[in-house]
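Have your viewer open and a selection tool at hand. We will go from stop to stop, and at each one you will hear what to select and what to look for.

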Amino acid sequence: MQEKISGILRRTAQVFSGGGRGAVSSMSSAAAASAASKTAPHPFWIIVRKEMSDIMLSWRYVILLGLMLLTCGASLYTAITSIKTAVPTGEAVDTFLFLRLFTVSDGTIPSFITFVSFLGPLIGIALGFDAVNSERNKGTLSRMMAQPIHRDYVINAKFVAGISVIGILFFSLGLLIMGLGLLTLGIPPTFEEFLRMIFFLMLSVVYIAFWLNLSIVFSVRFRQPATSALSCIALWIFFSVFYTMIIEMIAKGIAPVNPTHMDQLVSYQNTVQFLMRLSPGHLFNEATMTLLMPEVRTLSLFVPPEQTYGALPSPLSVGQSLLLVWPQLTGLIAAVLVCFMAAYMMFMRQEIRSR
């Protein structure tokens, strides 16, 4: 009898020990699965890294990078030559010598800010004109949408990847110019100059992000990359060349009959300035001129004499310059958001079919 009882107890212990090991193994597998889910990257960032690698490994990016390096080197050479011949060394701190690396030119080659305002839109257009329609034509967009990911991850990742590449490119070029200027001039920038250059690079990224989002809008709207590229380039040429001509014609038509009348003159100048500020390039030029030239105290075309009476001819601080360009910066950010929302809504409403 005792042997039967001991046998039953041994079998019961074996059953419980086996179940315990199964429970422990199931708990360990669940813990491993949860740990793997925590360490696995988010699908959104996987798409962002894929888009960034596609951009950086393309010939388009290599050509744009080489073009920007060439233009930056040429503008830096002319700026250093002009500074050495025109600016005494003893006036480096008083005249913001280091900032002139971005603004000074000898007349043969434009300055760095001129190259940024001219080539920046082309970089944004080149990175976004085929962001969506090329994948739609290749059939990769439908295969991506077949995966268990949210649809808005695709359009958001394309914007984040594009603006990340633009930020890396321009901050690298800006720091390269600072380093070469430091080695050449032998004068380090002050903290205020460094802040102004950083804010200028951030403003450049925002300005190019506008053209990036605009090109993505056309990429979502048109199925052919050539059509979207031509549409973006047409808008860029319009704002760069023809918009100023149109505003000059309008200004001649609404010019006051009696230019000595103060109220009519102020209203005329404000109207012309408002029309000019509808162009993103004009907003960018005003903001960069104020940030890199602390001597600029106002952006108005006409300043009443009572506002200038008793004012000291001293440069503005960084905070005052930022307050002065805050409307321009807000306008550029608003334009970026409007273009992004247009591309987002159009992409979310489109029907994606497999070829």
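Welcome to a predicted model. For the first stop, select Gly 186, which sits just after helix H8 and takes a positive phi of about 75°.

**Along H8**

Now step back and select residues 152-185, the whole of H8. Its 34 residues reach 49 Å from the first C-alpha to the last, close to the 50 Å expected at 1.5 Å a residue.

While H8 is highlighted, pick out Leu 182, which is found in this helix. Is Leu 182 buried or partly exposed? With a relative accessible area of 36%, Leu 182 is partly exposed. Show its surroundings next: leaving aside residues up to four places away in sequence, Leu 182 touches Phe 98, Ile 187 and Pro 188. The contact with Phe 98 is worth a distance label, as the two residues are 84 positions apart in sequence while their C-alpha atoms are 8.4 Å apart in space.

**The whole chain**

Zoom out and colour by secondary structure. You should find 14 helices and zero strands, so the string of elements from the N terminus on reads α-α-α-α-α-α-α-α-α-α-α-α-α-α. Of the 355 residues, 40% count as buried. If you draw a contact map with a separation of 6 or more, 80% of the contacts in it join residues 24 or more positions apart. Switch on the surface as well: the protein exposes about 19800 Å², and carbon and sulfur atoms supply 68% of that area.

**H8 against H14**

Hide the surface and keep H8 together with helix H14, residues 318-349. The axes of H8 and H14 come within 10 Å and cross at roughly 150°. An angle over 145 degrees counts as roughly antiparallel, and H8 and H14 are therefore roughly antiparallel to each other. Their crossing is right-handed.

Show side chains where the two helices meet. On the H8 side, select Asp 152, Val 154, Ile 155, Asn 156 and Phe 159. Their partners in H14 are Val 336, Phe 340, Ala 343, Tyr 344, Phe 347 and Met 348.

**H9 against H14**

Keep H14 on screen and add helix H9, residues 191-221. Here the axes come within 8 Å and cross at roughly 20°. That makes H9 roughly parallel to H14. H9 passes H14 in a left-handed crossing.

Two residues of H9 deserve a click. Begin with Ile 198, which lies in this helix. Ile 198 is buried, at a relative accessible area of 19%, and the cut-off for buried is under 20%. Measure from its C-alpha to that of Phe 171 and you should read 8.2 Å, for a pair 27 residues apart in sequence.

Then move along H9 to Phe 210. Phe 210 also counts as buried, with 9% relative accessibility. Which residues does Phe 210 touch, not counting those up to four places away in sequence? Select Pro 280, Ala 335, Val 336 and Cys 339 to see them. For another distance label, try Ile 163: its C-alpha is 9.8 Å from that of Phe 210, across 47 residues of sequence.

**H9 against H12**

Swap H14 for helix H12, residues 280-292. H9 and H12 pack at an angle of about 175°, with their axes 10 Å apart. These two helices are therefore roughly antiparallel to each other.

To light up this meeting place, select Arg 196, Phe 199, Phe 200, Leu 203, Ser 204, Tyr 207, Phe 210 and Trp 211 in H9. On the other side, H12 supplies Pro 280, Gly 281, Phe 284, Ala 287, Thr 288, Thr 290, Leu 291 and Leu 292.

**Two last stops**

Leu 292 leads on to Thr 103, which touches Leu 292 along with Ser 111, Ile 113 and Met 293, not counting residues up to four places away in sequence. The place of Thr 103 is in helix H4, residues 100-103. At 16% relative accessibility, Thr 103 counts as buried.

Finish in helix H11, residues 262-276, where you can select Gln 273. How does Gln 273 rank, buried or exposed? Gln 273 counts as buried, at 8% relative accessibility. One closing distance label goes to Ala 251, which is 22 residues from Gln 273 in sequence and 9.9 Å away in space, C-alpha to C-alpha.

Methods
Residues numbered from 1 in each chain as written. Predicted model: local features only at pLDDT ≥ 70, side-chain atom pairs only at ≥ 80, totals over all residues. Heavy atoms only, no water. Helix = DSSP H or I, 4+ residues; strand = E, 2+ residues; numbered from the N terminus. Expected span 1.5 Å × (residues − 1). Buried < 20%, exposed > 50% of the residue type's maximum accessible area, 1.4 Å probe, protein only. Contact = heavy atoms within 4.5 Å. Areas by Shrake-Rupley, 256 points an atom, 1.4 Å probe, with all protein chains shown as cover. Axes fitted to C-alpha atoms, helices over the stretch in contact; angles between N-to-C directions. Parallel < 35°, antiparallel > 145°, perpendicular 65-115°, else oblique. Left-handed = near helix turned anticlockwise from the far one by under 90°.
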